[in-house]
Amino acid sequence: MGEGEGTTYHMTPDEFRRWGAEAVEWVARYMERVEEFPVLSRSAPGDIRRSLPPHPPDRGEPFDAIFRDLDEVIMPGITHWQSPRFFGYFPANVSGPSILGELLSAGLGVQGMLWSTSPACTELETHVLDWLVELFGLPERFLSSGAGGGVIQDSASSAALCALLAARERATEGASNRRGVDRRLTVYTTSQAHSSIEKAVRVAGLGSEALRLVGVDERYSMRPQDLERALEEDIRSGHLPCLVSATVGTTSSNAIDPIAAIGEVCQRHGVWLHVDSAMSGVAAVCPELRFVNDGLEAADSYCVNPHKWMFVNFDCDAFYVADRAALVGALSILPEYLRNTATESGAVIDYRDWQIPLGRRFRALKLWATVRHYGAEGLRHHVRKHVRMAAQLAEQVAADGDFELVAPVPLNLVCFRHRAGDEVNQRILDRLNSSGELFLTHTRLDGALVLRMSIGAAATEPRHVEEAWNAIRRVAAEVQGG
Ligand SMILES: *Cc1c(COP(=O)(O)O)cnc(C)c1O
């Protein structure tokens with residue numbers, strides 16, 4: 001037979017049905033066994049690549065060969081973010097309904113750049129983001145029914161960049177789009193803010209020197225008086241402040257900037273306030289934790305990641321603006337080949353104008369599926385459980401003579417250290433993480449090495465936190481014993 005004869009090369013719907021069922025079975029088995037794996041991958045650099053063939057196949061292979069390699073080649077190189085003993089960085093938890101939503105989105109293969117390229121893709125997204133305003137008790141100015149609205153970004157990093165571009169658009173009345181970067185522009189955040197803020201400043205072409213790090217207090221929260229002073233000095237010397245990025249729940253220590261007071265300062269000086277609540281914003285699903293929304297009425301933009309602590313697969317960042325005109329003004333370019341009557345009628349949203357790329361996936365499906373599966377009640381149940389486990393751990397740390405808490409624990413992150421100093425903490429961390437028993441990460445606060453335990457994996461139960469705390473104390477004793 002000659003090349004291609006008697007085959008379309010495609011996977012037939014019947015083959016897809018068979019391998020699809022197998023893939024779902026594989027994932028279900030993974031969910032059941034995830035606790036058994038060493039949390040942190042033990043791969044050394046290059047291990048995975050050495051196990052892969054150097055050249056792509058000329059002849060297509062059966063799909064079971066891929067399953068075989070998944071188990072033998074890929075799994076050893078996986079760090080198990082879904083393990084109940086994963087306490088590193090921040091949660092990136094997932095769920096059955098979200099995974100199925102991803103599958104359905106992949107199956108439809110929709111490109112949602114314009115309303116007209118799949119009306120359901122746009123309208124479901126607008127609708128579910130309006131739902132989240134209600135679910136989290138966010139200010140009504142973020143609803144799509146007014147001047148504002150929400151959009152799904154791939155990440156909080158993209159949200160920060162979009163906020164900066166919109167803020168710049170407003171501050172320069174559109175001039176920066178025409179003439180390029182205005183050297184007078186400045187941006188304000190704190191040393192505790194996520195690195196994505198500085199990255200946005202760089203990508204937007206302002207340069208890191210345009211970024212001002214405002215002082216923080218003993219709880220690592222922005223000092224509004226320091227912000228006011230920095231703005232006044234810059235304005236006096238001819239700068240054009242365009243954005244303040246405040247954080248609710250910093251990555252390092254879960255510090256919460258005082259948004260209401262910062263908002264007043266921003267309003268006095270006409271500066272755009274962006275609030276980055278990537279991880280902690282999800283807590284607002286619980287009415288008793290709505291302190292995370294304090295002052296948000298003054299925010300021009302806001303972001304929260306359902307892909308962190310709300311059982312939605314990465315990527316799904318909910319980004320809101322109070323006035324979409326500046327955002328769309330900064331990002332909309334309409335070439336002839338995208339012109340269509342729906343866009344021209346002004347009656348629809350084209351989300352390509354709310355983000356950096358043109359193309360976009362149907363990400364609202366997984367968010368919709370997750371919110372519908374859990375309901376507000378189910379989401380609250382899990383957030384409360386994580387917060388309770390963190391509070392319990394914090395109590396135990398505070399009561400222990402060898403360890404100390406180094407930052408308040410408002411939600412699900414516990415920052416602590418052994419009193420014996422950096423070297424001991426580093427050895428504790430290294431030994432624990434290489435044991436595979438659990439995984440936690442570190443930060444530095446006031447120059448000192450700090451251990452961080454972030455509690456938010458879907459499968460984490462109180463016993464996992466208890467076992468982790470026992471392991472930490474055991475390893476601390478071993479490390480000090482020599
Ligand atoms: C995780 C996090 C980010 C970055 O999130 P991405 O969605 O990965 O870009 C930014 N800010 C805060 C406060 C975060 O917790």
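Is Asp 300 buried or exposed in this predicted model?

**View 1. Asp 300 and Arg 170 meet in a salt bridge.** With a relative accessibility of 12%, Asp 300 counts as buried, because buried means under 20%. Its partner Arg 170, at 37% relative accessibility, counts as partly exposed. The side chains of Asp 300 and Arg 170 form a salt bridge with an N to O distance of 3.1 Å. This pair links distant parts of the chain, since Asp 300 sits in the loop between β6 (272–276) and β7 (301–304), while Arg 170 belongs to helix α6 (residues 156–171), 130 residues apart.

**View 2. Glu 288 and Arg 384 form another salt bridge.** The distance from N to O in the salt bridge between the side chains of Glu 288 and Arg 384 is 2.6 Å. Here too the pair links distant parts of the chain, with Glu 288 in the loop between β6 and β7 and Arg 384 in helix α14, 96 residues apart. Glu 288 counts as partly exposed at 44% relative accessibility, and Arg 384 also counts as partly exposed, at 30%.

**View 3. Glu 102 and Arg 361 are joined by a salt bridge, and both belong to a network.** The closest N and O atoms of Glu 102 and Arg 361 are 3.1 Å apart. Because Glu 102 lies in helix α4 and Arg 361 in the loop between α13 (341–345) and α14 (364–399), the pair ties together parts that are 259 residues apart in sequence. Glu 102 is buried, with a relative accessible area of 17%, whereas Arg 361 is partly exposed, with a relative accessible area of 35%. Salt bridges that share partners join Glu 102, Asp 315, Arg 361, Arg 363 and Lys 366 into one network. In the whole structure, a search finds 29 salt bridges.

**View 4. A nonpolar patch lies on the surface.** The patch is formed by Met 11, Phe 16, Val 24, Leu 100 and Leu 103, which together have about 460 Å² of accessible area. Helices α1 (13–33) and α4 (96–108) are the elements that give two or more residues to this nonpolar patch. One of the patch residues, Leu 100, is placed in helix α4, and at 46% relative accessibility Leu 100 counts as partly exposed.

**View 5. Helix α3 has buried residues, and one of its residues belongs to a patch of negative charge.** The patch on the surface gathers Glu 61, Asp 69, Asp 71 and Glu 72. Glu 72 lies in helix α3 (residues 63–74) and counts as exposed, at 56% relative accessibility. By contrast, Ala 65, Phe 67 and Val 73 of α3 are buried, and what covers the buried residues of this helix includes α1 and α2 (47–50).

**View 6. Ser 83 and Ser 252 are two buried loop residues.** Ser 83 is found in the loop between α3 and β1 (86–87), and at 0% relative accessibility Ser 83 counts as buried. Not counting residues up to four places away in sequence, Ser 83 touches Val 34, Val 39, Ala 457 and Thr 460. Ser 252, in the loop between β5 (240–247) and α10 (259–269), counts as buried at 14% relative accessibility. Leaving aside neighbours within four places in sequence, the contacts of Ser 252 include Gln 192, Leu 413, Cys 415 and Arg 452.

Terms used
Residues numbered from 1 in each chain as written. Predicted model: local features only at pLDDT ≥ 70, side-chain atom pairs only at ≥ 80, totals over all residues. Heavy atoms only, no water. Patch = residues over 30% accessible without salt bridge, like charges linked within 9 Å, V, L, I, M, F, W, Y side chains within 5 Å. Areas by Shrake-Rupley, 256 points an atom, 1.4 Å probe, with all protein chains shown as cover. Salt bridge = Lys/Arg side-chain N within 4 Å of Asp/Glu carboxyl O. Lys, Arg positive; Asp, Glu negative; His and termini not counted. Charge placed at Lys NZ, Arg CZ, Asp CG, Glu CD. Helix = DSSP H or I, 4+ residues; strand = E, 2+ residues; numbered from the N terminus. Buried < 20%, exposed > 50% of the residue type's maximum accessible area, 1.4 Å probe, protein only. Contact = heavy atoms within 4.5 Å.
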